Structures are given as C-alpha cells and as structure tokens.
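Colleague: Please take a close look at one part of this model, the aromatic ring pairs, and follow them outwards into whatever surrounds them.

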Amino acid sequence: MKRIVFSIVFLVTLLTLGSPAWAGSEMLQAEPAMNTRVGWNLEPSSMLTVGYDLNHNGRPDFFTVRIVLDKYISTEPIETVARYNPGHRVFRVDYGAEGFYYIAARYPPFYAFDVNEDGVWDVLYKDVLEDGVNGNEVFHDSPSGEFDALPVG
Ligand SMILES: [Ca+2]
Ligand SMILES: [Ca+2]
Ligand SMILES: [Ca+2]
C-alpha cells in the first residue's frame, strides 16, 4: 500500500515537472490591434509576419506568423479588398497606382517573442486550431536557442 501511494506521488510529481510554466502559453497574450503594428514582412517561406512593440521602446518584440492564402494585384482600395475577403486579414504594398495584396487568415498559427529584441525570435508558440489566444497554444521552438537548455515539457 505504501508503495502504491509512493508511486502515485512520484507520478504526480513527474507530471507537474513535465510541464513547467514557461513551456505553456501563460506569457502569451492576444494579438494587439492590427493598426498598432510596427511593421509586417513577407518571409522567403511565404509566411507573413506582423511585428508589435509591446514594451513601447521602438523595437518589435512580439510577432504573429500567418500563412498567405492568396495574393494578387488590384486597383481597388484596401477597404474594398477587405470587403471581398470577410474574416481575413488583408495587407497591401503600393505598386504604382495599384496595390499588391496579400490575404491571410484572421488568426495566426504561430506567435513569437523576441525577448532581447535582437531580431532573432527566442520563443515560438503554435496555435494548431488557429482560434486566437485562448490557452490551447503550445511551446513550439526556440529559434535563437535561448531556451534550448531548459527541459521541454
Ligand atoms: Ca519593444
Ligand atoms: Ca532574440
Ligand atoms: Ca488558440
């Protein structure tokens, strides 16, 4: 009996240690209003990243990463293109009088922090359901390696 109790305590301890707080998404917050972004960029991988400056020091520290669903050139203003794509995010690059438009999903599948603001992401979270920040996001990677020394839950 004593041995069973010990085993249960041991198991509970293991499970608790297996998911340290940093590996969860406790530090993750909902994406700020899109118009507060400090920039966006289309990566070579065709992923579209949007940067935010959460601590207001002029350098981006929080990023959302979206997949581009569609892209095209149009003479329509962005408001009209946005109306054609309800429930999506629309990004525009001026191309003479025309606009080069990128259409992405409303919610990103990835969120990233650049804690030391050196341009290399330190923590990457994945939101597999792409349903916004609601607690089901999980630690995915540490591109900078800053968090590799910590145990992965
Ligand atoms: Ca900042
Ligand atoms: Ca960094
Ligand atoms: Ca989510």
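Modeller: Phe91 is buried, at a relative accessible area of 1%, whereas Trp40, at 24%, is partly exposed; here buried means under 20% relative accessible area, exposed over 50% and partly exposed in between, computed with a 1.4 Å probe on protein chains only. This is a predicted model, in which local features need pLDDT of at least 70 and side-chain atom pairs count only at pLDDT 80 or more, while totals for chains, interfaces and linings use all residues. Residues are numbered from 1 along each chain as its sequence is written, chains are lettered from A and ligands numbered from 1 in the order in which they are written, and side-chain values use heavy atoms, leaving out hydrogens and water.

A pair of aromatic rings is described by the distance of the centres and the angle of the planes. Searching the whole structure gives 10 aromatic pairs (rings of Phe, Tyr and Trp, the last by its six-membered ring, with centres within 6.5 Å; planes under 30 degrees apart are stacked, over 60 edge-to-face and the rest tilted). In one of them, the ring centres of Trp40 and Phe91 are 5.1 Å apart and the planes stand at 50 degrees, so this pair is tilted. Because Trp40 belongs to strand β1 (residues 39-42) and Phe91 to strand β4 (residues 88-95), the pair ties together parts that are 51 residues apart in sequence (strands, E, of at least two residues, and helices, H or I, of at least four, are DSSP runs numbered from the N terminus). Phe100 and Tyr102, by contrast, form a stacked pair, because their ring centres are 5.4 Å apart and their planes lie at 20 degrees. Within that pair, Phe100 is partly exposed at 23% relative accessibility, while Tyr102 is buried at 12%. Together with Tyr95, the residues Trp40, Phe91, Phe100 and Tyr102 make up one aromatic cluster.

Phe91 also leads into the interior, being among the residues with the most contacts inside the largest nonpolar core, a group of 15 residues in which Leu28, Leu48, Val50, Phe62, Phe113 and Tyr125 are likewise named; such a core is a set of buried Ala, Val, Leu, Ile, Met, Phe, Trp, Tyr and Cys residues joined through side-chain atoms within 4.5 Å. At least two residues of this core come from each of β2, β3, β5 (98-105), β6 and β7, and β2 gives the most, with three. Apart from this core lies another, of seven residues, including Met47, Phe63, Phe110 and Ala112.

Leu48 links the core back to the rings: setting aside residues up to four places away in sequence, its contacts (heavy atoms within 4.5 Å) include Trp40, Phe91 and Tyr102, as well as Val65. Val65 itself sits in strand β3 (residues 62-74) and is buried at 5% relative accessibility. With the same sequence neighbours left out, Val65 touches Met47, Leu48, Thr49, Pro108, Pro109, Phe110 and Trp121, and its C-alpha atom is separated by 7.7 Å from that of Ala112, 47 residues away along the chain.

The loops that adjoin some of these strands bring in the calcium ions. The calcium ion (ligand 1) has as protein donors Asp53 (OD), Asn55 (OD1), Asn57 (OD1), Arg59 (O), Asp61 (OD) and Glu117 (OE), at 2.1 to 2.3 Å; donors are N, O and S atoms within 2.8 Å of the metal, or 3.2 Å for Na, K and Ca, and sites may look incomplete because water is not among the atoms. The angles among these six donor atoms run from 77 to 177 degrees, and the site is octahedral (six donors with opposite ones over 155 degrees apart and all others between 65 and 115; sites that fit no named geometry are irregular). Asp61 lies in the loop between β2 (47-52) and β3, and Glu117 in the loop between β6 (110-113) and β7 (123-126), so the two tie together parts that are 56 residues apart in sequence; both are buried.

Around the calcium ion (ligand 2), the protein donors are Asp114 (OD), Asn116 (OD1), Asp118 (OD), Val120 (O) and Asp122, the last through two OD atoms, at 2.2 to 2.7 Å. The six donor atoms there subtend angles of 49 to 166 degrees, so the arrangement is irregular. Of these donor residues, Asp118 is partly exposed at 46%, as is Val120 at 36%.

Notes. Four donors count as tetrahedral if all angles lie between 85 and 135 degrees; four count as square planar and six as octahedral if opposite donors are over 155 degrees apart and all others between 65 and 115; anything else is irregular.
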